[in-house]
Amino acid sequence: MRPDDANIAGNVHGGTILKMIEEAGAIISTRHCNSQSGEHCVAALARVERTDFLSPMCIGEVAHVSAEITYTSKHSVEVQVNVLSENILTGAKRVTNRATLWYVPLSLKNVDKVLEVPPIQYAWKELEEEGKKRYEEQKLERLVTKQRNGDLIFPVFNPDRQNKEPYTVGYSQSSLIHLVGPSDCTLHGFVHGGVTMKLMDEVAGIVAARHCKTNIVTASVDAINFHEKLQKGCVITISGRMTFTSNKSMEIEVFVDADPFVDEPKERYRAVSAFFTYVSLSKEGKPLPVPQLVVETEDEKRRFEDGKGRYLQTKAKRQVQMQPLTQQ
Amino acid sequence: MRPDDANIAGNVHGGTILKMIEEAGAIISTRHCNSQSGEHCVAALARVERTDFLSPMCIGEVAHVSAEITYTSKHSVEVQVNVLSENILTGAKRVTNRATLWYVPLSLKNVDKVLEVPPIQYAWKELEEEGKKRYEEQKLERLVTKQRNGDLIFPVFNPDRQNKEPYTVGYSQSSLIHLVGPSDCTLHGFVHGGVTMKLMDEVAGIVAARHCKTNIVTASVDAINFHEKLQKGCVITISGRMTFTSNKSMEIEVFVDADPFVDEPKERYRAVSAFFTYVSLSKEGKPLPVPQLVVETEDEKRRFEDGKGRYLQTKAKRQVQMQPLTQQ
Amino acid sequence: MRPDDANIAGNVHGGTILKMIEEAGAIISTRHCNSQSGEHCVAALARVERTDFLSPMCIGEVAHVSAEITYTSKHSVEVQVNVLSENILTGAKRVTNRATLWYVPLSLKNVDKVLEVPPIQYAWKELEEEGKKRYEEQKLERLVTKQRNGDLIFPVFNPDRQNKEPYTVGYSQSSLIHLVGPSDCTLHGFVHGGVTMKLMDEVAGIVAARHCKTNIVTASVDAINFHEKLQKGCVITISGRMTFTSNKSMEIEVFVDADPFVDEPKERYRAVSAFFTYVSLSKEGKPLPVPQLVVETEDEKRRFEDGKGRYLQTKAKRQVQMQPLTQQ
């Protein structure tokens with residue numbers, strides 16, 4: 001377990017452990033489902049049973065993940081996975097997790113086709129009967145949650161995005177949260193400027209892709225000023241909204257805000273902001289026309305005009321200055 | 001350049017290139033600022049000038065990033081970085097970027113102390129004068145944007161989160177966006193279940209930390225059903241909100257929604273949902289009391305009661321079934 | 001094995017495999033050296049014996065890495081590691097690597113203190129005697145290369161690469177710079193040997209691809225000695241140049257130099273050097289002829305002759321020793 005797998009207190013994230021568990025489950029069930037001749041398949045995760053984290057795992061410990069197939073129905077495989085953590089300095093081992101996962105084999109040629117699962121042998125007849133009971137129970141629960149999910153379509157946040165018309169600012173605006181990890185930071189414990197810029201470009205790219213639903217690439221980035229440092233352990237929110245479109249380009253404004261939530265009582269603050277320009281490309285790499293941004297509020301109109309100003313200024317500068325780029 | 005550095009069309013993300021540029025800039029300026037005996041420092045990025053992406057870079061190409069110090073003031077360093085992409089199979093090279101970055105040396109012992117920069121030698125006097133002009137220009141612009149940033153505190157989205165009282169549902173709810181990359185996917189091109197669970201745990205952890213502002217760890221995950229596949233190239237939104245708190249635990253509901261934005265005209269759909277339980281730990285690893293969740297709407301009250309039901313049910317089951325865990 | 005572990009043809013990088021091997025070796029030897037009560041330590045990689053890549057590994061395959069301690073001296077541990085690749089769709093398994101590594105236990109409190117290694121039990125007396133012979137041999141070789149490394153200070157490459165003719169040494173020579181981060185390091189804050197080897201293989205692969213402009217794969221790595229530790233926060237420069245070509249193979253010499261730029265006034269130093277052998281493959285995976293290296297200077301001629309000597313020696317050894325590799 002490496003520093004990047006854990007929080008600042010050194011506890012490995014539950015998500016890192018869940019990912020290892022699922023990897024083990026996917027390997028053993030894919031191997032089993034391909035053990036008889038016939039069409040090749042990949043086992044897809046259908047369900048994880050409730051799982052408890054029995055004791056924490058720490059940086060520097062070695063994780064042991066072992067998996068066993070405990071039941072097979074005609075079209076599904078039950079896998080039980082145990083996770084042990086071992087401190088190789090003291091020799092101490094602890095059970096950290098036990099999980100039960102259900103997989104379904106999908107044909108590699110046709111992902112909508114579920115293949116048959118080769119049956120396993122049971123040491124006792126009771127094991128098969130208990131497995132069958134677990135199988136029926138989870139099948140029922142899956143049905144119930146499927147219906148519930150059907151009802152629950154987007155009751156939640158960012159509710160406005162759902163009702164927004166295509167090409168409006170609200171339709172494409174996006175934000176993401178990033179928990180700052182050790183690898184994001186300098187020796188001081190501050191986030192590398194490059195890490196911040198990569199996240200900003202990621203959000204800008206999602207805004208651009210949502211707007212024009214094509215392959216998009218970064219064309220330029222306006223000057224970015226880093227006024228406030230971002231510290232290890234803080235959570236940063238990166239938000240992007242489209243401000244302007246020309247025939248062939250889009251301008252996206254990106255903000256980086258920080259919540260220094262664990263260590264200090266400091267307030268959320270704006271750390272960085274910048275304008276990214278994107279273009280839309282065809283499969284052959286040619287620029288495509290960009291749908292015009294629909295502006296609705298006074299603020300959006302003002303920002304559109306500001307963006308237009310920057311666009312025209314850059315265009316003018318380029319015509320004056322631009323020397324042909326020669327290869328070095 | 002690796003598959004994960006690029007979008008599905010094979011173009012390297014602008015953000016990946018910006019990150020390499022900044023790494024080169026940080027290395028050369030940190031090295032320069034430590035070249036004279038004295039207090040050790042790390043160069044922190046203060047500003048990146050506007051930069052254009054002159055031509056795309058593709059998976060499999062080799063990026064060459066070269067950096068040069070072009071100006072030094074008393075407390076800052078200007079670095080110019082060039083990026084070339086080389087196709088090592090054909091030998092073709094293209095300039096993809098030129099960028100100018102400004103760094104400030106911060107003392108390793110006291111991050112609020114800016115150290116002095118050793119001066120560089122200029123080949124011609126004009127170079128120094130031009131550099132000085134660039135320095136004055138950027139200084140002025142920095143001042144302007146600093147003031148603008150001051151004004152611009154959170155004019156944007158999720159505006160309600162800002163005005164929410166601590167311990168309400170709205171105060172801690174969080175969401176993140178993830179662009180699915182090749183390494184997230186199976187041979188079919190579908191997202192590994194484990195990758196999805198890791199992201200879900202990440203959001204749940206942020207919600208929990210925002211609520212209680214302490215070190216938090218995953219205690220358990222309720223059964224998760226995977227009804228819908230998540231495909232390569234889609235954007236997934238992972239959202240979490242707190243539903244219930246007991247004395248020592250928090251329950252967070254997490255949703256995963258997918259936007260298949262580039263390839264198909266399909267609508268956004270709910271792919272997975274689950275309940276995560278977190279506990280708050282002191283520095284010594286002891287459980288801390290959790291501040292009670294403040295529920296405001298009828299829906300929040302109903303969800304709180306549902307959560308309480310799940311909590312009591314689990315507690316009862318545990319008292320019946322739980323065998324002491326012996327080390328294996 | 002994920003897309004990012006492999007080249008564009010889908011072959012897993014030799015460096016990725018070396019990194020896994022070293023991780024297994026570090027775990028088993030650290031565990032062994034802490035198995036008796038006393039001061040805690042971390043096993044640091046001192047040497048990797050020459051290793052051949054027996055068959056390629058591909059994206060989607062599962063790698064099995066198993067390690068065994070085969071000899072212990074008072075202050076060092078010999079570990080043998082086997083790597084199998086398994087295609088979980090067809091069930092096919094192949095041996096891809098066998099490697100021998102030497103570790104030295106360094107105290108966690110004082111990294112300059114080498115601790116004593118608990119002795120292992122041998123099934124037969126002959127095993128201990130053979131181990132002792134291997135131990136003496138590698139000790140001698142380590143001494144020799146340590147002196148050679150001392151001489152070889154920085155024949156620095158590069159500025160004129162652009163004007164070099166194809167197939168010359170200067171045309172393909174390459175270097176990369178890496179800023180050491182937390183996830184690259186052990187509990188001591190020193191770079192894992194496996195991380196260094198992965199970077200070395202990356203540079204060697206770029207040199208090989210530039211020379212022959214085809215799909216290339218690692219065929220073998222000569223013994224590597226780790227004389228100097230690389231510390232967190234330092235910048236490492238990895239440089240590679242081609243030394244020799246036979247009809248079907250290329251030999252590339254790789255150097256790792258460290259600049260401890262922030263913490264200490266220490267000079268740049270040579271940390272590791274090694275020879276990598278690459279072959280060129282057609283789309284069907286058949287070996288292709290390699291264009292002959294054009295040597296220009298007296299030094300290049302001498303290195304070519306030295307490389308030829310190593311090539312002929314290895315070929316002769318293989319004809320004597322090579323047992324058919326049977327699948328396990």
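**Note on the interfaces of chains A, B and C**

1. In chain A, the span of residues 1-109 is 18% helix and 42% strand, and its end C-alpha atoms are 36 Å apart. This should be read as a property of a predicted model. An unreviewed UniProt entry carries the annotation "domain: HotDog ACOT-type", which covers residues 1-109 of chain A and also residues 170-284.

2. Symmetry of chains A and B. A turn of 180° with a shift of 0.0 Å along the axis lays chain B on chain A, and the RMSD is 0.1 Å. The relation is therefore that of a two-fold axis. The contact residues reflect this: 99% of those of chain B recur in chain A, and the same surface serves both copies. As for the position of the rotation axis, Leu176(B) is the residue of chain B that comes closest, its C-alpha lying at 2.1 Å.

3. Extent of the contact between chains B and A. Chain B contributes 103 residues and chain A contributes 104 residues. The size of an interface is often given as the accessible area lost when the parts come together. For chain B and chain A the buried area is about 9200 Å², with carbon and sulfur atoms giving 58% of it.

4. Polar and charged pairs between chains B and A. There are four salt bridges between these two chains. In one of them, Lys229(B) pairs with Asp112(A), and the closest N and O atoms are 3.9 Å apart. That distance falls just inside the 4 Å cut-off for a salt bridge. The interface also holds 22 residue pairs in polar contact, counting pairs with both residues at pLDDT 80 or more.

5. Make-up of the chain B side. Helix α5 of chain B (residues 193-212) supplies the largest share of the side that touches chain A, namely nine residues. Sorted by class, that side of chain B has 43 nonpolar, 34 polar and 26 charged residues.

6. Extent of the contact between chains C and B. Here 24 residues of chain C touch 24 residues of chain B. The two chains bury about 2100 Å² between them, and 57% of this area is on carbon and sulfur atoms.

7. Polar and charged pairs between chains C and B. The count of salt bridges is two. Arg2(B) and Glu202(C) meet in a salt bridge through their side chains, with an N to O distance of 3.4 Å. Residue pairs in polar contact number six, again with both residues at pLDDT 80 or more.

8. Make-up of the chain C side. Two elements of chain C, β6 (174-179) and α4 (193-212), each give two or more residues to the side that touches chain B. Of the elements, α4(C) gives the most, with five residues. By class, this side of chain C has ten nonpolar, four polar and ten charged residues.

Definitions and conventions
Residues are numbered from 1 along each chain as its sequence is written. Chains are lettered from A and ligands numbered from 1 in the order in which they are written. This is a predicted model: local features need pLDDT of at least 70, side-chain atom pairs count only at pLDDT 80 or more; totals for chains, interfaces and linings use all residues. Side-chain values use heavy atoms; hydrogens and water are left out. Contact means heavy atoms within 4.5 Å. Buried area is the accessible area (1.4 Å probe) that two parts lose on being put together, summed over both. A polar contact is a pair of N or O atoms within 3.5 Å; within protein, one must be able to donate a hydrogen and the other to accept it, and residues adjacent in sequence count only if both atoms are side-chain atoms. Helices (H or I, at least four residues) and strands (E, at least two) are DSSP runs, numbered from the N terminus. Ala, Val, Leu, Ile, Met, Phe, Trp, Tyr, Cys and Pro count as nonpolar, Asp, Glu, Lys and Arg as charged, and the others, Gly among them, as polar. UniProt positions are given in the numbering used here, feature names are shortened, and annotations may be inferred rather than shown by experiment. Copies are superposed by least squares on the C-alpha atoms of residues with pLDDT of at least 70 in both.
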